[in-house]
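Please read the following report with the sequence and the structure open beside it. It turns to single residues first and widens from there.

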Amino acid sequence: MQKNQLSLLAASVALAASTLLGTVRAAEPPSSPVAAHAPMARHHGHDFMRSMQQLHDQLKLSPPQEQAWQQALAHMKRNRQAQHENMGRYRALRDSMQHQRILDLSSLRAQRDKIFADNQRLRADTEDQWLAFYNGLNDNQKATVSAAIEARMAKMNAWREHHRTHRHWHHQEPGAPAGASQPGAQQ
C-alpha cells in the first residue's frame with residue numbers, strides 16, 4: 001500500500017476517533033447551548049459505530065485479526081475519553097482564570113500546549129493501533145477497508161462542497177438585505 005493511502009487511513013481513523021460517540025456533548029446539562037447539538041452528536045456517533053460494525057462484518061476476520069480489531073477499538077475509545085478529559089481540564093483552567101484582573105497568558109498557553117501535545121500523542125497512539133490492525137489484513141480485506149475509506153472521504157467531500165456553496169447564506173454582511181451579493185460574487 002502506498003504511503004498516501006496509509007495517510008488517508010490514519011486521517012480516517014483520526015476523524016473516526018474525533019466523532020466517536022459525542023460523549024462530551026451528550027453529558028452537557030439540558031440548558032447548555034452545546035446540548036442543542038447533543039442529539040446530532042449522538043446520531044453521528046451511532047452512524048459511525050454502525051458503519052464500523054458493517055465494515056467489521058464485511059472483513060470476516062480471523063481470530064487473531066478479531067483480537068487486533070477489539071484491541072484497536074478499545075484503545076480508540078479509551079484515548080478519546082482521555083482527550084475529552086484533557087480538554088475538560090483546559091476549559092476548567094481557562095474558566096478559573098476568567099475573573100482574574102490580570103490574566104497569566106503565559107501559563108494558559110503553556111497548559112494549552114501541554115494538553116494539545118498530550119492529545120496529539122493520544123491520536124498518534126490510536127492511529128498506530130489501527131495501522132497495526134490494518135497491517136494484519138490480507139489484500140482482499142485491505143481492499144474492503146480502502147473502499148470504505150474512499151466512500152467516507154467522498155461523503156465528506158460532498159458535505160464540504162455542499163456547505164461551501166451554501167455558506168454565503170449564513171455569512172451575509174450585517175444590515176445587508178437578504179440575497180445581497182457577497183464580495184467576489186458575480187454582479
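In this predicted model, Arg80 counts as buried, because its relative accessibility is 17% and buried means under 20%. Arg80 is found in helix 4, and its C-alpha atom is 7.9 Å from that of Leu122, although the two residues are 42 apart in sequence. Leu122 is itself listed among the buried residues of helix 5.

A second pair of positions can be described in the same way. Ala68 has its place in helix 4, and with a relative accessibility of 22% Ala68 counts as partly exposed. Its C-alpha atom is separated by 9.0 Å from that of Tyr134, a residue 66 places away along the chain. Tyr134 belongs to the buried residues of helix 5.

**Helix 5 and its buried residues**

How far apart are the end C-alpha atoms of helix 5? They are 44 Å apart, which agrees with the 45 Å that its 31 residues should span at 1.5 Å a residue. The buried residues of this helix include the nonpolar Leu108, Ile115 and Leu122, and also Asp118, Asn119, Thr126 and Glu127. Of these, Asn119 is found in helix 5 and counts as buried because its relative accessibility is 5%. Once its neighbours within four places in sequence are left aside, Asn119 is in contact with Ala82, Gln83, Asn86 and Met87.

**Aromatic pairs**

The count of aromatic pairs in the model comes to four. In one of them, the ring centres of Trp69 and Trp130 lie 5.2 Å apart with their planes at 80°, so this pair is edge-to-face. Because Trp69 lies in helix 4 and Trp130 in helix 5, the pair ties together parts that are 61 residues apart in sequence. Both Trp69 and Trp130 are buried. Trp130 also forms an edge-to-face pair with Phe133, with 5.8 Å from centre to centre and 90° between the planes. Trp130 and Phe133 are three residues apart in helix 5, and are therefore separated by about one helical turn. Through such ring pairs, Trp69, Trp130 and Phe133 are linked into a cluster.

The relative accessibilities given in this report for single residues can be set side by side.

| Residue | Relative accessibility | Class |
|---|---|---|
| Trp130 | 5% | buried |
| Phe133 | 5% | buried |
| Asn119 | 5% | buried |
| Arg80 | 17% | buried |
| Ala68 | 22% | partly exposed |
| Lys60 | 67% | exposed |

**The nonpolar core**

In soluble globular proteins, nonpolar side chains tend to be buried together. Here the largest nonpolar core holds 15 residues, and those touching the most other members are Leu59, Trp69, Trp130, Phe133 and Val145. At least two residues of this core are supplied by each of helix 3 (38–59), helix 4 (63–97), helix 5 (105–135) and helix 6 (139–166). The aromatic cluster of Trp69, Trp130 and Phe133 is thus made of residues that are also named among the core members with the most contacts to other members.

**A loop residue**

Lys60 is found in the loop between helix 3 and helix 4, and at 67% relative accessibility Lys60 counts as exposed. Its phi is near 50°, a positive value in a residue other than glycine.

**The chain as a whole**

The chain has six helices and zero strands, so that its elements, read from the N terminus on, run α-α-α-α-α-α. Of its 187 residues, 27% count as buried. The accessible surface comes to about 12,700 Å², and 55% of it belongs to carbon and sulfur atoms. Among contacts between residues at least 6 apart in sequence, 67% join residues at least 24 apart.

**Confidence**

The mean pLDDT of the chain is 77, and 65% of the residues reach 70 or more. Confidence is highest in helix 5, at a mean of 95, and lowest in helix 2 (residues 23–26), at 34. Over residues 13–43 the pLDDT is below 50, and this stretch has 36 contacts in the model beyond near neighbours in sequence. Where pLDDT is low, the predicted coordinates should not be read in detail.

Technical notes
Residues numbered from 1 in each chain as written. Heavy atoms only, no water. Core = buried A, V, L, I, M, F, W, Y, C linked by side-chain atoms within 4.5 Å. Buried < 20%, exposed > 50% of the residue type's maximum accessible area, 1.4 Å probe, protein only. Helix = DSSP H or I, 4+ residues; strand = E, 2+ residues; numbered from the N terminus. Contact = heavy atoms within 4.5 Å. Areas by Shrake-Rupley, 256 points an atom, 1.4 Å probe, with all protein chains shown as cover. Expected span 1.5 Å × (residues − 1). Phe/Tyr/Trp six-rings, centres within 6.5 Å; stacked < 30°, edge-to-face > 60°. pLDDT = per-residue confidence, 0-100.
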